[in-house]
Amino acid sequence: MRIKNKYVHWGDLDLAGVNIFLTEFHKYLNERASMLVPADFECRIARGSRARYDDQYGKFGKLVATDPRLKQLIDCIHKCRRGYDQEGYIRMPMM
């Protein structure tokens, strides 16, 4: 918190991932913290895990964020009823 640099959080595009950002980073860094929301998040989430959404909904289903980008992300997660792993953005090496 003493370092004045901005912080960009890269995490899973699911309810738990947004909650981690809000409670572990944004809570302490406020406007210095932002969550990386890739431009293609909607199509990624649409192909994500339904089981992950179902598992997380009970605990994080009422998650609220004031940041418009996070609100858009949360709305998409609820609309698609899915979550997406950040590892999906990492390409596997060609064999």
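# Exercises on a predicted model

Leu-36 lies in the loop between β2 and α2 (41-46). Keep in mind as you work that this is a predicted model. Let's start with that loop residue.

**Exercise 1. Find the nonpolar surface patch that includes Leu-36, and give its accessible area.**

Step 1: Check the exposure of Leu-36. Its relative accessible area is 38%, and a patch residue needs over 30%, so Leu-36 passes that cut-off.

Step 2: Look for its partners. Val-8 and Trp-10 join Leu-36 in a nonpolar patch on the surface.

Step 3: Take the area of the patch. The three residues together have about 260 Å² of accessible area.

**Exercise 2. Describe the course of helix α1, from its span to the residue just after it.**

Step 1: Compare the span with expectation. Helix α1 covers residues 15-29, and its 15 residues reach 20 Å from the first C-alpha to the last. That is close to the 21 Å expected at 1.5 Å a residue.

Step 2: Look for a bend. A kink of about 35° is centred on Leu-22.

Step 3: Move past the end of the helix. Asn-30, just after α1, has a positive phi of about 50°.

**Exercise 3. Work out which residues of α1 are buried and what covers them.**

Step 1: List the buried positions. They are Leu-15, Ala-16, Gly-17, Val-18, Asn-19, Phe-21, Leu-22 and Leu-29. Leu-22, where the kink is centred, is one of these buried residues.

Step 2: Identify the cover. Among the elements over these residues are strands β1 (7-9) and β2 (33-35), along with helices α3 (50-60) and α4 (68-80).

Step 3: Take Asn-19 as a case. This residue of helix α1 has a relative accessible area of 18%, so it counts as buried. Leaving out residues up to four places away in sequence, Asn-19 touches Glu-24, Phe-60 and Leu-63.

**Exercise 4. Place Arg-69 and find its contacts.**

Step 1: Locate the residue. Arg-69 belongs to helix α4 and is partly exposed, at 43% relative accessible area.

Step 2: Set sequence against space. Arg-69 and Ser-34 are 35 residues apart in sequence, while their C-alpha atoms are 9.6 Å apart.

Step 3: Read off the contacts. Not counting residues up to four places away in sequence, Arg-69 touches Met-35 and Val-37.

**Exercise 5. Examine three of the six salt bridges, then find a network.**

Step 1: Begin with Arg-44 and Asp-40, whose closest N and O atoms are 2.9 Å apart. Arg-44 is buried at 16% relative accessible area, whereas Asp-40 is partly exposed at 26%.

Step 2: Turn to Lys-71 and Asp-75, which meet at 3.0 Å, N to O. Both lie in helix α4, four residues apart, about one turn of the helix. In an α-helix there are 3.6 residues a turn, so residues three or four places apart point the same way. Lys-71 is partly exposed at 44%, and Asp-75 is partly exposed at 38%.

Step 3: Now take Asp-85 and Arg-52, with closest N and O atoms 2.1 Å apart. Asp-85 lies in the segment after α4 and Arg-52 in helix α3, so this pair ties together parts 33 residues apart in sequence. Both partners are partly exposed, Asp-85 at 33% and Arg-52 at 22%.

Step 4: Extend the picture. Arg-52 and Asp-85 are linked with Asp-12 and Asp-14 in a network of salt bridges.

Note on methods
Residues numbered from 1 in each chain as written. Predicted model: local features only at pLDDT ≥ 70, side-chain atom pairs only at ≥ 80, totals over all residues. Heavy atoms only, no water. Helix = DSSP H or I, 4+ residues; strand = E, 2+ residues; numbered from the N terminus. Expected span 1.5 Å × (residues − 1). Bend = angle between axes of the 7 residues up to and from the residue. Buried < 20%, exposed > 50% of the residue type's maximum accessible area, 1.4 Å probe, protein only. Contact = heavy atoms within 4.5 Å. Patch = residues over 30% accessible without salt bridge, like charges linked within 9 Å, V, L, I, M, F, W, Y side chains within 5 Å. Areas by Shrake-Rupley, 256 points an atom, 1.4 Å probe, with all protein chains shown as cover. Salt bridge = Lys/Arg side-chain N within 4 Å of Asp/Glu carboxyl O.
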